[in-house]
Amino acid sequence: MKSSIRAALRPRRQPAALLAGLALAATSAVAVPTAASAANSVTVISNPDAYVCSEAGYIGFEDLPDSTNLSAGAIGGVQFTTTAGYSWLVGDFATGGYNGKYPSGQYTSHGTHWAWLGVDQGAGRIDFLNGPASTFSLLASTNTPVVLEAYDSSAALLESTASSGTNLGTGTMAELKITRASADIAYVVVHDTGNYFEVDDICTDAPGVNPPSNTAPDVAADNAVVAVDEASAAGNTGTFSDVDEDAVSLSASVGSVLESGPGTWAWSYTPSDGPVDSQTVTITAADGTDTSTVTFDLQVSNVAPTITSLTPSATTVVTGQPVTFVGQATDPSGPDTAAGFSWSFNGGAYGTSNAFTTAYATCGSNDVTALAKDKDNGVSAPFTSSAVMALDSEFLPPLQSGTFNKVRGGQVVPVKISVGCDGVLASGLSPAIQLLSGDVDPSTDPGDGSVDVVTESVSSADTSGVMRAADGQYIYNLRIPAGASGAKYTVRVRPTGTAAGGARYIAIQLR
Ligand SMILES: [Ca+2]
Ligand SMILES: [Ca+2]
Ligand SMILES: [Ca+2]
Ligand SMILES: [Ca+2]
């Protein structure tokens, strides 16, 4: 009966016809569990769709197209061998070309895909390529009794299951299982007795069998461009996923990226310097096997410095007295600040010094305007200093500038000096007067006091060393020390009361 069916169908070579033919040949026998040794078993699986393999190596064939030739090495870690001309093929009940899936036909499977040995059938061999197994099982849907045999690497038969019996037309499958005390199964052979069967749900601990395929994660960014000022926080957001539901780890080429919620990420970074910190940022999503990346442009703008002060060395000076203005500026960028700024004063050329020195030839109010520029050519807003008042000042008679004023030792000389502008006395000053020994060169005025002479006034109206305003001038009744004829002294007056405000000098010689 069986051989006549095979003979009748073989020439057609059509799977649908083959299994349809098998349906005609099916018996009504239902497989029942048979006694199993400790090392092998045959078990009826009443609901193959609920079958669970507890081993790492599992082959359910669902992702392989119908008619895939497994002997060509379609599945990792195993070799389905063409035996005596019989090649392992994948069948798919969903094609409608087969006699199943039960109850639409007589054969069944877990899912819709399974493997068989084609229209000619026979014995099928499966080798483990990455090392031996200690356990192996498969499910068989069969019209004829099938047995599973395990062999070692020397082709010695280790174990053989009992017969599956027949289970056609039952919706059940027979689990044929061999378990060894040690991993010594190099390959298995599935045998029938000359008719038709198909298998599914191969389950083994042989290493590296049908390793799960991986799909790299998906990662996307919400913004293709992120623009920010230097020293300001930049941020971007995006999504990630993994179709395999692998755990995904995220990393960023710069800054930090964190999982902000299920499937979303948030990136943050504060660039210290624009535009040099502008760059392409890469977010990498890794699932432990593969990685995916997404990039976006970080555009960092330079920010111009800000002048915070421009301070003169004195706010009131006599004409001709040098005044130094010192500027200070800030920049949000640390690198820009560290690099220092260049300065322009009163529209002049840029230089590296933040100090500007000038002197005023005529009296009046003056200020200085500065610009500061960072290394990236960011220019500050103009900054204007506080006003510096320049005052005319000159000695008044009886003393005369430009000559040695002859006086008698012990004599009282009224020192008078004008301080003001355009003939108007500058009020509120406390000019300092100091008598110096010798003919002091104003350009080398010693500040150490070594030439100071007691500077007395004979007037009770005077404070020692301080001139007082009187009659549109400042006056001090100076007592000249007694001394030898010809001795020289210098009278120094600091009209503003400070060294920074400048000084006037006049020479005295004893008669
Ligand atoms: Ca399957
Ligand atoms: Ca994945
Ligand atoms: Ca910068
Ligand atoms: Ca800057």
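Trainee: Is Asp-336 buried or exposed in this predicted model?

Mentor: In this predicted model, the verdict rests on relative accessible area, and buried means under 20%. The value for Asp-336 is 0%. Asp-336 is therefore classed as buried.

Trainee: Which residues coordinate the calcium ion (ligand 4)?

Mentor: The donor atoms lie at 2.2 to 2.7 Å from the calcium ion (ligand 4). Along the sequence, the donor residues follow the spacing E-x71-N-V-x27-D-x4-D-x37-D. The coordinating residues are Glu-230 (OE), Asn-302 (OD1), Val-303 (O), Asp-331 (OD, listed twice), Asp-336 (OD) and Asp-374 (OD).

Trainee: How many residues apart are Asp-336 and Asp-374?

Mentor: Both Asp-336 and Asp-374 are donors to the calcium ion (ligand 4). Asp-336 belongs to helix H3 (residues 334–339), whereas Asp-374 sits in the loop between strand S27 (369–373) and strand S28 (383–384). Asp-374 is buried, with a relative accessible area of 3%. The pair links distant parts of the chain, 38 residues apart.

Trainee: Which residue bridges the calcium ion (ligand 4) and the calcium ion (ligand 3)?

Mentor: These two ions lie 3.7 Å apart. One residue among the donors of the calcium ion (ligand 4) contributes an OE atom. The bridging residue is Glu-230.

Trainee: Which residue meets Asp-336 in a salt bridge at 2.9 Å?

Mentor: The partner lies in the loop between S27 and S28, while Asp-336 lies in helix H3, so the pair ties together parts that are 39 residues apart in sequence. The partner is partly exposed, with a relative accessible area of 37%. The residue is Lys-375.

Trainee: Which residues are joined with Lys-375 into one network of salt bridges?

Mentor: Lys-375 also meets the side chain of Asp-376, at 3.1 Å from N to O. Asp-376 is partly exposed, with a relative accessible area of 22%. Salt bridges that share partners join Lys-375 into one network with Asp-273, Asp-336 and Asp-376.

Trainee: Where in the chain are the partners of the salt bridge between Asp-49 and Lys-101?

Mentor: This contact, 2.8 Å from N to O, is one of seven salt bridges in the structure. Asp-49 is partly exposed, at 41% relative accessible area. The two residues are 52 apart: Asp-49 is in the loop between strand S1 (40–45) and strand S2 (57–59), and Lys-101 is in the loop between strand S4 (89–92) and strand S5 (113–116).

Trainee: Which protein donors hold the calcium ion (ligand 2)?

Mentor: The donors lie 2.3 to 2.6 Å from the calcium ion (ligand 2). Their spacing along the chain is N-T-x26-D-x1-D-x1-D-x40-D. They are Asn-214 (OD1), Thr-215 (O), Asp-242 (OD, listed twice), Asp-244 (OD), Asp-246 (OD) and Asp-287 (OD).

Trainee: Why does the pair of Asp-242 and Asp-287 tie together separate parts of the sequence?

Mentor: Asp-242 lies in the loop between strand S15 (234–241) and S16, and Asp-287 in the loop between S19 and strand S20 (291–301). Asp-242 and Asp-287 are buried. Because of those positions, the parts that the pair ties together are 45 residues apart.

Trainee: What is the order of strands in the open sheet of four strands?

Mentor: The pairing in this sheet is mixed, and the twist averages 25 degrees from one strand to the next. Strand S14 (225–229) and strand S16 (249–252) are the edge strands, each pairing on one side only. The order is S14-S20-S19-S16.

Trainee: Which residue in S19 is the bridge partner of Ala-252?

Mentor: S16 pairs with strand S19 (residues 279–286) over four bridges. The sense of this pairing is antiparallel. The bridge partner of Ala-252 is Ile-283.

Trainee: How many residues apart in sequence are Cys-53 and Cys-203?

Mentor: Cys-53 and Cys-203 form a disulfide with sulfur atoms 2.0 Å apart, and both are buried. The link is right-handed, with 80 degrees about the S-S bond. Cys-53 lies in the loop between S1 and S2 and Cys-203 in strand S12 (residues 197–204), so the separation is 150 residues.

Trainee: What pattern do the disulfides of the chain follow?

Mentor: The count comes to two disulfides. Cys-363 and Cys-421 form a disulfide, with sulfur atoms 1.9 Å apart, and both are buried. With bonded cysteines counted along the chain, the pattern is 1-2, 3-4.

Note on methods:
Residues are numbered from 1 along each chain as its sequence is written. Chains are lettered from A and ligands numbered from 1 in the order in which they are written. This is a predicted model: local features need pLDDT of at least 70, side-chain atom pairs count only at pLDDT 80 or more; totals for chains, interfaces and linings use all residues. Side-chain values use heavy atoms; hydrogens and water are left out. Donors are N, O and S atoms within 2.8 Å of the metal (3.2 Å for Na, K and Ca); water is not among the atoms, so sites may look incomplete. Buried means under 20% relative accessible area, exposed over 50%, partly exposed in between (1.4 Å probe, protein chains only). Two strands pair if DSSP finds at least two bridges between them. Axes are lines fitted to C-alpha atoms, for helices over the stretch in contact, and angles run from 0 to 180 degrees between N-to-C directions. A salt bridge is a side-chain nitrogen of Lys or Arg within 4 Å of a carboxyl oxygen of Asp or Glu. A disulfide is a pair of cysteine sulfur atoms within 2.5 Å.
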